[in-house]
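I opened this notebook page to record what I looked up in one structure, entry by entry. My topics are the sheet, the ligand, the pockets and the backbone.

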Amino acid sequence: MAQSTIEWTDATWNPVTGCTKISPGCKHCYAERMANRLKLMGQTNYRNGFEITLQPHMLELPLKWKRPKRIFVNSMSDLFHVDVPFSYIKEVFAVMRQAHWHQYQVLTKRSDPLLQLSSRLQWAPQIWTGVSIENEKYFSRIDDLRKTDAHVKFLSLEPLLGPLHKLNLRGINWAIVGGESGPGARPVDPAWVMDIRDQCVRAGVAFFFKQWGGVQKKKTGRELEGHTWDEMPQLAVLS
Ligand code: SF4
């Protein structure tokens, strides 16, 4: 797969593609836009557009990458989608254990199945796991994540659509924050971002500010009060 332009990762790996929308953060899903574009371009992995599609021929890709990378798992899908069989999730985990020189960033909005399946999965320190939260209504995803057996737990607070006062950061190693970007981007209030940063600093949680977003995200950049925040989980520095 590809080198990534996403600020908090090195590469993307998509053993599954496609998804369905489940909460307001999905409204302008980048993966949906990209999948439909790739389908029009005739890319075979996207022949089904944004429908959930297993890509077993992609499973072994991390084994071929000999240099350690941070790998965003399923940037174009959600591994814990109901249409992804548990046997297949176990295969993805097996590869992540086997290609142990990488760090894997598994990100989901489906924290219920993540928690339900957690005890039946074989975890390893390199398998970081995170949940996406766009507003306070979805705080329960953090509670679910906290109860899993993932060694490194992280939050993707993007697209940030409201204030997140009183985040419970117990057991959380890393938080990424970002405003929405692209056509129709919903605005982010700087006060929301600064509040989350301050909560992370107080709790000793690594904080990563990805972007302000907006229709042209290059113009708005990613500085927060004159600083770039690129912290990573201290438990898991790539050797
Ligand atoms: S969960 Fe993620 S990939 Fe799936 S529709 Fe929502 S934003 Fe897109």
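The entries below follow the order in which I looked things up.

**Entry 1, the sheet.** I note at the outset that I am working with a predicted model. I began with the strands and found seven of them in an open sheet, ordered β1-β4-β5-β6-β7-β8-β9, with parallel pairing. At the edges I find β1 (11–13) and β9 (206–211), and because each of these has a single partner strand, one side of each is left without a neighbour in the sheet. From one strand to the next, I recorded a twist that averages 25 degrees. As a reminder to myself, strands of a sheet pair through backbone hydrogen bonds, either parallel or antiparallel.

**Entry 2, one strand pair.** I then looked up how β6 (residues 127–132) is joined to β7 (residues 152–157), and I counted five bridges between these two strands, which run parallel. Which residue of β7 is the bridge partner of Trp 128? I traced the bridge from Trp 128 and arrived at Val 152.

**Entry 3, the ligand.** I next asked myself where the ligand sits. I found the ligand in the largest pocket. Around the ligand I listed Cys 19, Thr 20, Lys 21, Cys 26, Cys 29, Ser 77, Lys 109 and Arg 110. Sorting this shell by class, I obtained three nonpolar, two polar and three charged residues.

**Entry 4, the largest pocket.** For the largest pocket I wrote down a volume of about 1,200 Å³. Its lining comprises 45 residues, and those closest to the centre are Ile 6, Tyr 30, Ala 31, Phe 72 and Ser 75. When I asked which elements give two or more residues to this lining, I arrived at α1 (30–40), β5 (103–108) and β9. Helix α1 gives the most, with five residues. By class, I have the lining of the largest pocket as 17 nonpolar, 18 polar and ten charged residues.

**Entry 5, the second largest pocket.** I recorded a volume of about 170 Å³ for the second largest pocket. It is lined by 13 residues, and I noted Asn 173, Gly 204, Val 205, Ala 206 and Gln 234 as the ones that lie nearest its centre. Helix α6 (residues 190–203) gives the most to this lining, with three residues. By class, I wrote down nine nonpolar, three polar and one charged for the lining of the second largest pocket.

**Entry 6, the backbone.** Before going through the backbone, I reminded myself that most residues other than glycine have a negative phi, and most peptide bonds are trans. The peptide bond from Glu 158 to Pro 159 is cis, and I noted its omega as near -5 degrees. I located Pro 159 in the loop between β7 and β8 (174–178). I also marked Asn 74, which is not a glycine yet has a positive phi of about 60 degrees. I placed Asn 74 in the loop between β4 (70–73) and α3 (86–98).

Note on methods:
Residues are numbered from 1 along each chain as its sequence is written. This is a predicted model: local features need pLDDT of at least 70, side-chain atom pairs count only at pLDDT 80 or more; totals for chains, interfaces and linings use all residues. Side-chain values use heavy atoms; hydrogens and water are left out. A residue is near a molecule or strand if one of its heavy atoms lies within 4 Å of it. On a 1 Å grid over the protein atoms alone, a cavity is a set of points where a 1.4 Å probe fits but cannot get out, and a pocket is an open set with protein on both sides within 12 Å along at least five of seven lines; lining residues have an atom within 4 Å of a point. A molecule sits in a cavity or pocket if more than half of its atoms lie within 2 Å of its grid points. Ala, Val, Leu, Ile, Met, Phe, Trp, Tyr, Cys and Pro count as nonpolar, Asp, Glu, Lys and Arg as charged, and the others, Gly among them, as polar. Two strands pair if DSSP finds at least two bridges between them. Helices (H or I, at least four residues) and strands (E, at least two) are DSSP runs, numbered from the N terminus. Axes are lines fitted to C-alpha atoms, for helices over the stretch in contact, and angles run from 0 to 180 degrees between N-to-C directions. Grid points are joined across faces, edges and corners, and a volume is the space filled by probe spheres set on the points.
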